[in-house]
Amino acid sequence: MRRREFLIGAGAALPAVRAAGQEGTLLLLSDDDARAIPSKIGKPETAQLRGLADRALTSGPWSVTFHRPTGSAINAQDYFSEGPYWWPDPKNPTGPYIRRDGERNPERFDANHHDLGAMAAAVLTLGMGAYFLDAARYAPHAAKILEVWFTDPKTRMNPNLQHGQAIRGRTTGRGTGIIDTVSLIYAAQGIALLKRTGRLDAELDTQVRRWYAEYLAWMTTSAIGLSEKRAANNHGTWWAAQVAAYAALVGDGSLAGMVWGRAREVLIPGEIEPDGSCPLELARTNSLSYSAFNLDAFAVLCRLAQESGVDLWRFRTAKGIGVARAFTYLTPYVLNPGAWKRQQIHPFTAGNIVFPGLAAVGLRSAELLEAYRRLPRVNSAWILLVDWIVRADAGYKNRSLTPA
């Protein structure tokens, strides 16, 4: 694996964009894994990816401009969503909304969030089809989807989340809304794969990566972005994972280094207890779901660090706190949710959980690997990609990592 050296820095300036002609990163994949995967997947999985990619050919494109909230004066190209757990107050129906944790309001405006997720999933699926199936037919539609969402002056999303997870009567946007863009990691992975095929137009590639650079600058300098950075639960972890992924895509080593330092100094000691539990997730009404969601973020973050030559998997604070204990603490409950004794008001499903697999190969853990193999799997390109990463890397190749 080609190793990159990163500098620790604040990363406040607009991130530089890697020249389009360069090879670029594969984000969660090493070059070795990308080469190994085609030889390790069989006909059923190839057919599974082809089915997903063929369906993606008939979907989209999407744009934030296609569905707009009623009664809002915000720019038509601004992303907008409403907080999922906020409801009308029965005692004051026309007043500010009130929070009911874990209970999603079906009347909230969620169209932009839904379309963002669909767009990102399609880009990842088509990128995987173009790369792993060596199928040129997937690239043009992926390019169209990217153009409509990121670059077309009439339909592009403005690169900020000023109006994410608004609350009626309270706020027109919150840092909490940045959790809505976790799926942009999937899109970034798809873009990286499309670029490596040589079938992504260089100018479109540059423009899309410039959008990511602008969004990164907003995430890391705006008041809303910085409030999410300071979140002490899964929101802060996913903020860091997003920054690391987008920094890798655009080639910003300073921001990547900032995230590795933040993981060591803030996230791991601040969110994880010595026994491996995450107290702020345990306090939620769906505590198992949020605990697993947070560990997925830590696993993605650690994997991105690993592919940059930095080992966060084995980092320990002076008190012995590390992500490894968190993964081993929660995995038995992911396998057997019935044993979970804390509050979980909705049924827990493990089909889209990835942390045991990424942690298994990151920590060279046969126990976690076996647990991951026992999990149910949903039919999505993201889960398929993680499955393939785990399979390609399960030999626990001896990689040179910088101690964290």
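**Exercise 1. Cysteines**

How many disulfides does a search of the whole structure find? Work out why for Cys 278 and Cys 302.

*Solution.* Keep in mind as you go that this is a predicted model.

- Step 1. Start with the result: the search finds zero disulfides.
- Step 2. Recall the cut-off, which asks for two cysteine sulfur atoms within 2.5 Å.
- Step 3. Apply it to Cys 278, whose closest cysteine sulfur belongs to Cys 302 and lies 12 Å away, so the two are too far apart for a bond. Starting from Cys 302 leads back to Cys 278, again at 12 Å and too far for a bond.
- Step 4. Add the surroundings. Cys 278 is buried at 6% relative accessible area, and Cys 302 is buried at 2%.

**Exercise 2. The nonpolar core**

Find the largest nonpolar core, and say which helix gives the largest share of its residues.

*Solution.*

- Step 1. Count the members: this core has 129 residues.
- Step 2. Look for the residues with the most contacts inside the core; these are Met 119, Met 128, Tyr 212, Trp 260, Leu 301 and Phe 327.
- Step 3. Assign the core to helices. Helix 8 (residues 234-250) supplies the largest share, 12 residues.
- Step 4. Set this beside a general tendency: in soluble globular proteins, nonpolar side chains tend to be buried together.

**Exercise 3. Helix 12, its length and its cover**

Check whether the span of helix 12 agrees or disagrees with its residue count, then identify what covers its buried residues.

*Solution.*

- Step 1. Helix 12 runs over residues 323-335, which makes 13 residues.
- Step 2. Use 1.5 Å a residue, multiplied by one less than the number of residues. The expected span of helix 12 is then 18 Å.
- Step 3. Compare with the model: the end C-alpha atoms are 19 Å apart, which agrees.
- Step 4. List the buried positions of helix 12, namely Val 323, Ala 324, Ala 326, Phe 327, Leu 330, Thr 331 and Val 334. Phe 327 also appears among the residues with the most contacts inside the largest nonpolar core.
- Step 5. Look at the neighbours. The cover over these buried residues includes helix 9 (253-271), helix 11 (287-306), helix 13 (355-363) and helix 14 (366-374).

**Exercise 4. The two sides of helix 14**

Show where the buried residues of helix 14 fall when you look down its axis.

*Solution.*

- Step 1. Pick out the buried residues of helix 14: Leu 368, Leu 369, Ala 371 and Tyr 372.
- Step 2. View the helix end-on. Its buried residues fall within an arc of 160°, so they line one face of helix 14.
- Step 3. Turn to the other side, where Ala 366, Glu 367, Arg 373 and Arg 374 are exposed.
- Step 4. Ask what the buried residues pack against: helix 12, helix 13 and helix 15 (381-393).

**Exercise 5. Salt bridges**

State how many salt bridges there are, and describe the Asp 205 to Arg 209 pair and its setting.

*Solution.*

- Step 1. With a cut-off of 4 Å between nitrogen and carboxyl oxygen, the count comes to 18 salt bridges.
- Step 2. In the chosen pair, the closest N and O atoms of Asp 205 and Arg 209 are 3.1 Å apart.
- Step 3. Place both in helix 6 (residues 202-221): Asp 205 and Arg 209 are four residues apart, which means a separation of about one helical turn.
- Step 4. Check exposure. Asp 205 is buried at 2% relative accessibility, and Arg 209 is also buried, with a value of 2%.
- Step 5. Try another pair, Asp 101 and Arg 99, which meet at 3.2 Å, N to O. Here Asp 101 is buried at 13%, whereas Arg 99 is partly exposed at 44%.
- Step 6. Do likewise for Asp 311 and Arg 314, joined at 3.1 Å, N to O. Asp 311 is buried at 11%, while Arg 314 is partly exposed at 38%.
- Step 7. Finish with shared partners: Asp 33, Arg 303, Glu 307 and Asp 393 are joined by salt bridges into one network.

**Exercise 6. Pro 269 and its contacts**

Locate Pro 269, and name what it touches beyond four places away in sequence.

*Solution.*

- Step 1. Pro 269 sits in helix 9.
- Step 2. Its relative accessible area of 33% makes Pro 269 partly exposed.
- Step 3. Leaving out residues up to four places away in sequence, Pro 269 touches Ala 263, Arg 264 and Thr 317.

Notes:
Residues are numbered from 1 along each chain as its sequence is written. This is a predicted model: local features need pLDDT of at least 70, side-chain atom pairs count only at pLDDT 80 or more; totals for chains, interfaces and linings use all residues. Side-chain values use heavy atoms; hydrogens and water are left out. Buried means under 20% relative accessible area, exposed over 50%, partly exposed in between (1.4 Å probe, protein chains only). A nonpolar core is a set of buried Ala, Val, Leu, Ile, Met, Phe, Trp, Tyr and Cys residues joined through side-chain atoms within 4.5 Å. Helices (H or I, at least four residues) and strands (E, at least two) are DSSP runs, numbered from the N terminus. Contact means heavy atoms within 4.5 Å. The arc is that of the directions from the helix axis to the C-beta atoms. A salt bridge is a side-chain nitrogen of Lys or Arg within 4 Å of a carboxyl oxygen of Asp or Glu.
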